[in-house]
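Welcome, and please open the structure in your viewer. We will take a short walk through it, one selection at a time.

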Amino acid sequence: MTLSTTRQAAAPQILDRCRELVRPALVESVRRLHPWHAETAAFSLGWSGVDGAPVPGSQGKGVRQALAVLGAEAAGGSGLDGVTGAVAVELVHTFSLIHDDIMDGDETRRRRPTVWKAYGTGPAVLTGDALFALAVRILTEVPGARGTAAVRQLSGALGDLVHGQAQDLLFESRPWTGPEAVLPHEYRAMATHKTGSLLGCAAALGAVLAGAPAPTADALDRVGRHLGVAFQAVDDLLGIWGDPQITGKPVHSDLRRLKKTFPVLAALASDHPAARRLEALLTGAGPLDEAGLRRAAELVDEAGGHRATVTEAREHLRAARACLDGVELHEGARGELLTLIPFLVDRTG
């Protein structure tokens with residue numbers, strides 16, 4: 001068995017360990033909510049159905065939870081030091097998904113109705129707001145300087161998250177071509193804010209709560225931000241070429257919505273002749289039919305969009321590893337982070 005294969009096999013065990021460590025505190029935090037919000041939050045987290053009945057084993061990967069726990073351990077603390085940060089970031093992540101689904105009009109997530117579709121827009125907005133408020137409150141309850149630093153870390157990430165979401169929404173109104181077109185480097189900046197901010201915050205919060213110096217927390221924050229761009233790049237690939245049985249989304253879902261994702265932007269920015277044919281197809285009158293969607297996906301690939309996106313993901317994985325190499329960390333946790341990093345983007349759904 002190669003080192004790569006060994007790490008791939010070990011990664012789910014790392015996620016399981018961290019999730020089991022965080023789960024009791026996360027459950028307890030949700031119980032602090034108004035019963036109505038607690039019910040909808042439990043549904044969003046995958047713990048229950050619309051009828052409130054428990055859904056065994058439906059917990060998600062717990063990526064941000066793992067980063068917070070490993071961030072604490074990498075800084076020389078205990079995994080328990082990172083639990084409060086893990087809970088706060090998971091609550092914020094859930095809040096962001098609930099509101100994101102409303103803004104995008106998405107009716108399903110992970111092959112289930114989204115919260116707004118299951119409970120209504122008003123209850124969904126309120127649940128997101130409640131989760132946001134609870135996340136901040138939990139960190140304010142951490143005593144001393146570590147609590148203050150943790151709130152500062154989370155508030156900075158929240159600002160970046162909202163900034164990235166605004167960029168993503170504004171991209172929708174910009175043209176595919178011309179001087180106002182969205183360029184790959186703009187999309188990269190958006191992904192750093194929208195996806196990378198919380199991943200970076202999770203790892204950094206763990207370190208902060210374990211009493212790490214600022215350079216250590218900053219390095220772990222950069223790890224997460226690079227990982228976020230790589231994660232988003234893979235998500236974009238799945239949004240065009242992913243298996244609907246695994247992703248829970250229709251084939252060519254992002255192309256169907258004419259969403260400006262990295263593969264399409266990279267393809268349009270190339271000088272390949274297929275880029276011009278893709279441009280003509282995307283700027284034509286009316287929505288794309290099934291044949292048009294298949295043709296668009298073919299042209300994105302032919303113009304190098306798929307290849308460029310894979311390269312983008314790999315470059316950010318290398319950058320994340322370099323950030324880990326540039327700071328003194330506990331070797332056991334560093335090894336687990338190195339195991340987890342490629343696993344999080346080598347996925348099919």
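Before the first stop, one term: a crossing is called right-handed if the near helix is turned clockwise from the far one by less than a right angle, and left-handed if it is turned anticlockwise. Keep in mind, too, that this is a predicted model.

**Stop 1: two helices side by side**

Select residues 83-104, which form helix H4, and residues 144-171, which form helix H7. Which way does H4 pass H7? The crossing is right-handed. Their axes come within 12 Å and cross at roughly 15°. Angles under 35 degrees count as roughly parallel, and H4 and H7 are therefore roughly parallel to each other.

Now show the side chains where these helices meet. On the H4 side, pick Val-92, Phe-95, Ser-96, Asp-100, Met-103 and Asp-104. Their partners in H7 are Leu-154, Leu-158, Leu-161, Gln-165 and Leu-169. Try colouring this contact by residue type: seven of its residues are nonpolar, two are polar and two are charged.

**Stop 2: a network of charges**

Keep Asp-100 selected, since this H4 residue from the contact with H7 also belongs to a network of salt bridges. Add Asp-168, Lys-194 and Lys-259 to see the other members of the network. Across the whole structure, a search finds 22 salt bridges, and the next stops visit a few more.

**Stop 3: within helix H1**

Go to helix H1, residues 3-31, and select Glu-28 and Arg-31. These two form a salt bridge, with their closest N and O atoms 3.6 Å apart. They sit three residues apart, about one turn of the helix. Glu-28 is partly exposed, with a relative accessible area of 42%, while Arg-31 is exposed, at 62%.

**Stop 4: a link between loops**

Next, select Arg-32 and Glu-141, whose side chains meet in a salt bridge at 2.8 Å, N to O. How many residues separate the two? They are 109 residues apart, so to speak a link between distant parts of the chain: Arg-32 is in the loop between H1 and helix H2 (35-44), and Glu-141 is in the loop between helix H6 (121-140) and H7. Both are partly exposed, Glu-141 at 43% relative accessibility and Arg-32 at 39%.

**Stop 5: within helix H10**

Finish at helix H10, residues 214-241, with Asp-221 and Arg-225. Their side chains meet in a salt bridge of 2.8 Å, N to O. The partners are four residues apart, about one turn of the helix. Are they buried or exposed? Asp-221 and Arg-225 are both buried.

Key. Residues numbered from 1 in each chain as written. Predicted model: local features only at pLDDT ≥ 70, side-chain atom pairs only at ≥ 80, totals over all residues. Heavy atoms only, no water. Axes fitted to C-alpha atoms, helices over the stretch in contact; angles between N-to-C directions. Parallel < 35°, antiparallel > 145°, perpendicular 65-115°, else oblique. Contact = heavy atoms within 4.5 Å. Nonpolar A, V, L, I, M, F, W, Y, C, P; charged D, E, K, R; others polar. Salt bridge = Lys/Arg side-chain N within 4 Å of Asp/Glu carboxyl O. Buried < 20%, exposed > 50% of the residue type's maximum accessible area, 1.4 Å probe, protein only.
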